[in-house]
Amino acid sequence: METEEVTSRVAQLELSYDTYEADCSSSASTEPLPVPDAASWLQFGVHSRDMTRETAYCDERLVREVFALRSSLDEQDARKVRTARNRSNFFEFKAGQFMNRAAVKIANVDAAFGWELCKLGEGEEEELMYFVDVFGGPGGCSEYILWRNGGWKARGFGFTTYGDYEFQPEYFRAVSPETLDPFYGANDDGNLFDPGNIRGFIDYVMAHTGQAGVHLLVCDGGFLLKNNCQEVISKQLYL
C-alpha cells in the first residue's frame, strides 16, 4: 500500500471521531457515572466465529487487511513468529528491570491512575495489598505489582493454565516471587472455564484474605492461535 494512500485514509478516519477533553480540575465532579441498564444495549444472537465481520467500530477495509496479514503467519513456525514479534516490540526486549512487556503495560495503567492503582493509599500502609492475576502467565503484571509494593507488602493469587502459559516466577527480575501464590484450580488442571475451578479459586482467595477479598484484579493473557480466532476463543474468558 502506498504511503500517500495510508496517510489519506488515516486522515479520513480521524475526521470521523470527536475528541473529548477530560476535566481534571479540583472542581470536577467525583461522583461515579451511572451504570447503564444492560437491557438498553445487550443483544442476543448467533455466536460470531468470524472476527473480520466485527466492524461496528472499525474501518472494514482496515480490519480485513489486518486479518489477512495475520493469516499469512499461520503457516510459519510458531516459535519463529513469537521470536520475531518479541524482537520487533521495543517494550519486549527493553522492559527495564521486569520480565516482559506485560509489566510495562500495567505500569502504564498505574501511571494513568496517578500511581494509585497498584498500591494502597495513605493510612493503609500497614495493610497487605491483595491482588488477583487471572491468565497472567508468565507473570509480568504480578511482578510489577509486587515490586510496586516493595515485595513483602503485597500478596498475589494467580489463576492460570498449565503449559506454555503458566506462571514462571523463577524468571522474576525486579522482586522476589515468594508472595505470589499460583493456583491451577480445585482439579489442578488449569482449566479456567471449569466452574469447579472458578469456585475453588474464589474460596481459596477468600480463605487466605480473611474473607476480605482483594484490592485489584488484573487479566491480561494472550495465546497464539491460527485462523484469527484468538479473540473469538478468549471472549468467553474475558466475559
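This is a guided tour of a predicted model, stop by stop, with something to select at each one.

**The whole chain**

Start with the full protein chain of 239 residues, of which 31% count as buried. Coloured by secondary structure, the chain shows 8 helices and 4 strands. Walking from the N terminus, you meet the elements in the order α-α-α-α-α-β-α-β-β-α-β-α. Switch on a surface and you are looking at about 16600 Å² of exposed area, with carbon and sulfur atoms supplying 54% of it.

**A pair of strands**

Now select residues 129–134, strand β1, together with strand β4; the two pair in the parallel sense over 4 bridges. Strand β4 covers residues 216–219. Look across from valine 132 and you will find leucine 217 of β4 standing opposite.

Next, show the side chains of β4. Which of them are buried? Leu216 and Val218 are, and they point to one face, while Leu217 and Cys219 point to the other and are not buried. This fits a general pattern: in a regular strand, side chains alternate between the two faces of the sheet.

**Into the core**

Stay with leucine 216 and display its surroundings. Leaving aside residues up to four places away in sequence, leucine 216 touches Leu117, Cys118, Met129, Tyr130, Phe131, Val132 and Ile145. Leu216 also belongs to the largest nonpolar core, a set of 22 residues, and is listed with Tyr144, Ile145 and Leu146 as having the most contacts inside it. Two or more residues of this core come from each of α5 (101–112), β1, α6 (140–148) and β4. A second, separate core has 10 residues, among them Phe157, Phe159, Phe183 and Phe201.

**Unusual backbone spots**

Most residues other than glycine have a negative phi, and most peptide bonds are trans. Here are three places to zoom in on the backbone.

- Select tryptophan 115, in the loop between α5 and β1. Its phi is positive, about 60°, although it is not a glycine. With 46% relative accessibility, tryptophan 115 counts as partly exposed.
- Move to phenylalanine 135, in the loop between β1 and α6. This residue, also not a glycine, has a positive phi of about 50°. Phenylalanine 135 counts as buried because its relative accessibility is 6%.
- Finally, pick glycine 137 and proline 138, which are joined by a cis peptide bond with omega of about 5°. Proline 138 lies in the loop between β1 and α6.

**Salt bridges**

The structure holds 4 salt bridges; let us visit some of them. Select glutamate 60 and arginine 64, whose closest N and O atoms are 3.3 Å apart. They are 4 residues apart in helix α2, so about one helical turn separates them.

Then try aspartate 181 and arginine 155, whose side chains meet at 3.3 Å, N to O. This pair links distant parts of the chain, with aspartate 181 in strand β3 and arginine 155 in strand β2, 26 residues apart. Is aspartate 181 buried or exposed? At 16% relative accessibility, aspartate 181 counts as buried, whereas arginine 155, at 24%, is partly exposed.

In helix α7 (residues 195–208), aspartate 203 and arginine 199 sit 4 residues apart, and their side chains form a salt bridge at 3.6 Å, N to O.

**Last stop: a surface patch**

Return to the surface and select Trp41, Leu42 and Phe44, which form a nonpolar patch with about 420 Å² of accessible area together. Phenylalanine 44 lies in the loop between α1 (3–14) and α2 (60–71) and is exposed, with a relative accessible area of 77%.

Notes
Residues numbered from 1 in each chain as written. Predicted model: local features only at pLDDT ≥ 70, side-chain atom pairs only at ≥ 80, totals over all residues. Heavy atoms only, no water. Buried < 20%, exposed > 50% of the residue type's maximum accessible area, 1.4 Å probe, protein only. Pairing = 2+ DSSP bridges. Patch = residues over 30% accessible without salt bridge, like charges linked within 9 Å, V, L, I, M, F, W, Y side chains within 5 Å. Areas by Shrake-Rupley, 256 points an atom, 1.4 Å probe, with all protein chains shown as cover. Core = buried A, V, L, I, M, F, W, Y, C linked by side-chain atoms within 4.5 Å. Contact = heavy atoms within 4.5 Å.
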